[in-house]
Amino acid sequence: MLSFIALALLAHALPIECENLLKHKLNIIILAGQSNMAGRGGVANETSTGIGTWDGVVPPQCQPNPSIFRLSADLAWVKAREPIHSDIDARKTDGVGPGMSFANAVLTKDPNFGVVGLVPCAVGGTTISQWQKGEFLYEQLVKRAEMAQQSGGVYRAMLWYQGEADTVNEEDVELYKGRLKTFFDDLRSDLHAPLLPIFQHQERDLILRK
């Protein structure tokens, strides 16, 4: 009964263009990590103010697609368009990230793949410790992923792009691999998806910064 009520409330919150979304099986792709996942493509910092601005340029591979939706910060399904993380990584200036290009590539390769539901969760500047079970970012990710599944979705993959914030001191570098494995293991367990594919793109070099 509670799940039915939740679905009813979610359907009521959907914009008009998404009103029939729940009739389809959503292929859920979780987007998590730090700044490059949240989207920094086309973002430049003003030298005088230090405030980032996005140039608004959306590459062809990142253009909106009628079969790609995103779960907003208030847990409503909306048409996906850049910047995907605008209301998730809200304290930063977001631009183009890898989420839309990945979803478009999947649909190009398999036109019969169906409807893609992107679940953005990335926040710029975050460390792997902040993604451990019990921390806010982890619990928020699980909550958003579970809501996406309750909308009639099935987990297909998670894209993980993070690591730069853990290059500041030697201890974090040494512990990174174990912390990352724990994060992946806990997430698969809590989502009841032991075979969830995770595509990892590690920030450039995980080495100690001098």
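The structure holds six salt bridges, and it is a predicted model. Among the charged residues described here, Asp 89 and Arg 70 each take part in a salt bridge, whereas Glu 82 is buried and has no salt bridge.

**Salt bridges of Asp 89 and Arg 40**
- Asp 89 forms a salt bridge with Arg 40, and the closest N and O atoms of the two are 2.8 Å apart.
- This pair links distant parts of the chain, since Asp 89 is in the loop between strand 5 and helix 3, while Arg 40, 49 residues apart from it, is in the loop between helix 2 (35–38) and strand 2 (43–45).
- Asp 89 counts as buried because its relative accessibility is 2%, which is under 20%, whereas Arg 40, with a relative accessible area of 21%, is partly exposed.

**Salt bridge of Arg 70 and Asp 87**
- Arg 70 forms a salt bridge with Asp 87, in which the closest N and O atoms are 2.5 Å apart.
- Here too the pair links distant parts of the chain, with Arg 70 in strand 4 (residues 68–71) and Asp 87 in the loop between strand 5 and helix 3, 17 residues apart.
- Arg 70 counts as buried at 7% relative accessibility, while Asp 87 is partly exposed at 29%.

**Glu 82, a buried charge**
- Glu 82 lies in the loop between strand 5 (77–79) and helix 3 (98–109), and the nearest side chain of opposite charge, that of Arg 70, is 8.2 Å away.
- The side chain of Glu 82 does, however, reach the backbone nitrogen of Ile 84 at 3.4 Å.
- Leaving aside residues up to four places away in sequence, Glu 82 touches several residues, including Trp 54, Val 58 and Met 100.

Note on methods:
Residues numbered from 1 in each chain as written. Predicted model: local features only at pLDDT ≥ 70, side-chain atom pairs only at ≥ 80, totals over all residues. Heavy atoms only, no water. Helix = DSSP H or I, 4+ residues; strand = E, 2+ residues; numbered from the N terminus. Buried < 20%, exposed > 50% of the residue type's maximum accessible area, 1.4 Å probe, protein only. Lys, Arg positive; Asp, Glu negative; His and termini not counted. Salt bridge = Lys/Arg side-chain N within 4 Å of Asp/Glu carboxyl O. Polar contact = N/O pair within 3.5 Å; in protein donor to acceptor, adjacent residues only side chain to side chain. Contact = heavy atoms within 4.5 Å.
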